[in-house]
Every structure is written in C-alpha cells, then in structure tokens.
Amino acid sequence: MKRLFVQGSSFCDIDCDYCFVRGRNDKARLSLDYLHDVYRIINNSETDVEIVWHMGEPLVLGFNFFKKVLEYIPVSEHIRHRIVTNGLLLNDDWLSFLADNCISLTISSDGPIEVHDRYRTSRKEAGTFEVVHKNLCRSIKKGVCDSVLCTITKESLSKAAQIYEYFSSVGVEYLGFNVERQLDSPEIQVLSLEKFDSLELFWKDLYEAWEKDSYSLFIREFYRTLSALNSDECPLQPDELKSNYNYSLSKNGDLYKYIPQIAGSDSLVSSPFFVGNVKNLNSFEETSELPVYSEMLNSQRLCSEKCDFYRFCGGAFVLEKLVENGMLNSTSTAACERQVIQLAKVVSRKHG
Ligand code: SF4
C-alpha cells in the first residue's frame, strides 16, 4: 500500500488561526488533466494506493470535480479515496455521494465548542463548532467518517477530559491528535506551548479519561506508545521513512516523496523531496530513492544512538529537523518533546 496525498486546491473556506497551509485564499485548482497521469502511474505501479485529498479544503472543489475524479481514478480493490475535511460543507448530498462511492472521511475537530471555536473560525472570526458538530454526527451515523483529527492548542491543555467526553459522546471511533505547530517557517512559533509541563498534564488527563472509559476509543497516540512500550525493540518505522510509501501531489502536477505536508510549499525546504512532474513519470517504482533518503536514514540512525525515546518514535520528524535544526542530521526538536517525549513519559508511568 502506498499513500498519495493530493492538494486539489490550497483554498479553504475557513481560516483557522493555527493553519500552516500556504495560499488559503488561492482558488487555483488541480487540473483534471493531471489525474490521467496519476491513473497511469498507479496502474503501472505494483501496490495498492490510498489517495488522500488534503491541504486546503477539498470539498470546496465541488461535486462535479469529484465526480470527474472518480471517472479518471475509479475506486477499485486497489485504489481508495479519502478526504480530510473541516466538515463545514457536508450536507446530505455530499454524504450520499461519499457513501455511494465508498470515499472515507477524516474530519478535523478540536472537540467541544469552547475549545473548537477558539481557533477554528471563519474569515469573519465566527466559530464553526455548531455546523461541524452537526455534520460530524451525521457523517458518523451514515458510516462515512471513520476518523477525527484533533489539534491540541493552548485552549485544550486544561480540558483533556472534556475533549475525550465530547468525542466519545458523538461516537468517534478513531481519534488522532496533532499538537499545534507552524511548519515551513524558519521561526517555529508554537503558540503558547513552550511550557511542556502543561502538555504532559494534558496527556495524563486524557489517558485517565480513556482509562475510566475502559479504553473505548482508538486513540492513535496511546496505541502507538503502548505498542512501543510492550516491545523489546523499536516497533515503529515512521511512514515518512518507509521506502516508496508516501507521495504528495501539488496542484501544479509536481510530485514529492516522503513528507505529506510538502506539496504546496514554495519553500526551499521542499526541493530535496521533489520527484518530478506527473506528466513525465510512468510509475511510482521508477522514482528511485532520492539522495535525501540516505540522509533521512542517517538521521534515523543518529536518533537510535542518541535518543532515549527512539523506541516510541522510530526517528521521525524529518521536516521538523530540517526546519527547526536547519539540518537533517540532527535529533531533538520541539516536536519530539510535544508529540513523543511528554506522551511516552505519561504512558510509561501509567504502566510502571
Ligand atoms: S523523539 Fe526526536 S530525537 Fe527522539 S527518536 Fe524521535 S525524532 Fe529522534
């Protein structure tokens, strides 16, 4: 299985304060011509592919666009489509269309209204909770939404239990957490999360809410951490370090490898990951590993030698190492603290 992340447009109908996607006012969209090329590449390739529409709001592309997408790249036993959405446009027509065509949804929600509406706002600064909540519930009921992504912000830090209860009450099965961050910028500004103690407390409160609920939800971060804890060796090979696994297509047909968020970036950071334009490619396999890949593996080796938390992480955070440390051949980033170390400390203590 490979994953192809596609940016159909960088435009978004809302304007979350913490969003790092560039060009959120830019309505330019992926030319459907490129989808012919994508289909050729998939057909000439050896494994199944999940196409993930993300980075910008995919649903603003409209029905007709996605109907065409399915004409050009039909769902089959080898090809799946997934849309990562802010959930605002999900009316009955969309839900029927997605269900009829077996397209899965991942919805972004930050939890209860007081947390969600702090940063997930419209361009007029209006909260989006009410609509997203209604659409999240309908999508789950319809069997279309199988996962939710929640961003941890300053607002969330003291509200882990409420966040857990909210997602449990709406029937979410799979929950993943990202910690608010700014990528693709030399000045990493992590809003108000400099104090890692508060984040540790967040993970602890969340874990306790999960424990109290008999571990009912699938929480990605806890499952990964527990599987590392229960294994003698590092059980993780981060997706971005898997050979020929992640690809990313930007709206101008340029294909990148390894890092999902790289498409759409106009920064120099993206250039080592550039593979070529889909017009000039025939299969994923013909795109041999880029020179940056051996640097990534060296950096992973360095992590395995130097970091006490390697087994919980597998030496990931390639983009963060580049942006925060200015080089790949490095370890320790703020992202390590936020996404791995504080979490591992909490779960390890719980399992004593
Ligand atoms: S937490 Fe950071 S330093 Fe440790 S293994 Fe992961 S990427 Fe490397």
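**Strand pairing and positive-phi residues in the predicted model**

Strands S8 and S9 form a hairpin in which 4 residues separate the two strands, and Gly-253 in the turn has a positive phi of about 85 degrees. The model described here is predicted. Within the hairpin, S8 and strand S9 (residues 254–257) are joined in the antiparallel sense by 3 bridges. Leu-249 is placed opposite Leu-255 of S9.

On the S1 side, pairing of S8 has the parallel sense: strand S1 (residues 2–6) is connected to S8 over 4 bridges. The bridge partner of Val-6 in S8 is Leu-249. Leu-249 thus appears in both pairings, as the partner of Val-6 and opposite Leu-255.

In a regular strand, side chains alternate between the two faces of the sheet. In strand S8 (residues 246–249), Asn-246 and Ser-248 lie on one side, and Tyr-247 and Leu-249 lie on the other. These four residues are all buried, and both faces of the strand are covered.

The hairpin belongs to an open sheet of 10 strands with mixed pairing, in the order S7-S6-S5-S4-S3-S2-S1-S8-S9-S10. Strand S7 (218–219) and strand S10 (274–277) occupy the edges; each has a single partner strand, so one side of each lacks a neighbour in the sheet. Elsewhere in the sheet, strand S5 (residues 145–152) and strand S6 (residues 174–179) run parallel and are joined by 5 bridges. Thr-151 has Asn-178 of S6 as its bridge partner.

Positive phi values also occur in residues other than glycine. Met-55 has a positive phi near 60 degrees and is located in the loop that lies between strand S2 (49–53) and helix H2 (62–72). Met-55 has 29 other C-beta atoms within 10 Å; because 20 or more are required for a residue to count as buried, Met-55 is buried.

Tyr-215, which is likewise not a glycine, has a positive phi of about 55 degrees. Tyr-215 is found in the loop between helix H7 (196–212) and S7, and S7 is one of the strands at the edges of the sheet. The surroundings of Tyr-215 include 13 C-beta neighbours inside 10 Å, and Tyr-215 therefore counts as partly exposed. The two loop residues can be set side by side: Met-55 is buried, whereas Tyr-215 is partly exposed.

Definitions and conventions
Residues numbered from 1 in each chain as written. Predicted model: local features only at pLDDT ≥ 70, side-chain atom pairs only at ≥ 80, totals over all residues. Pairing = 2+ DSSP bridges. Buried ≥ 20, exposed ≤ 12 C-beta atoms within 10 Å, placed from the backbone.
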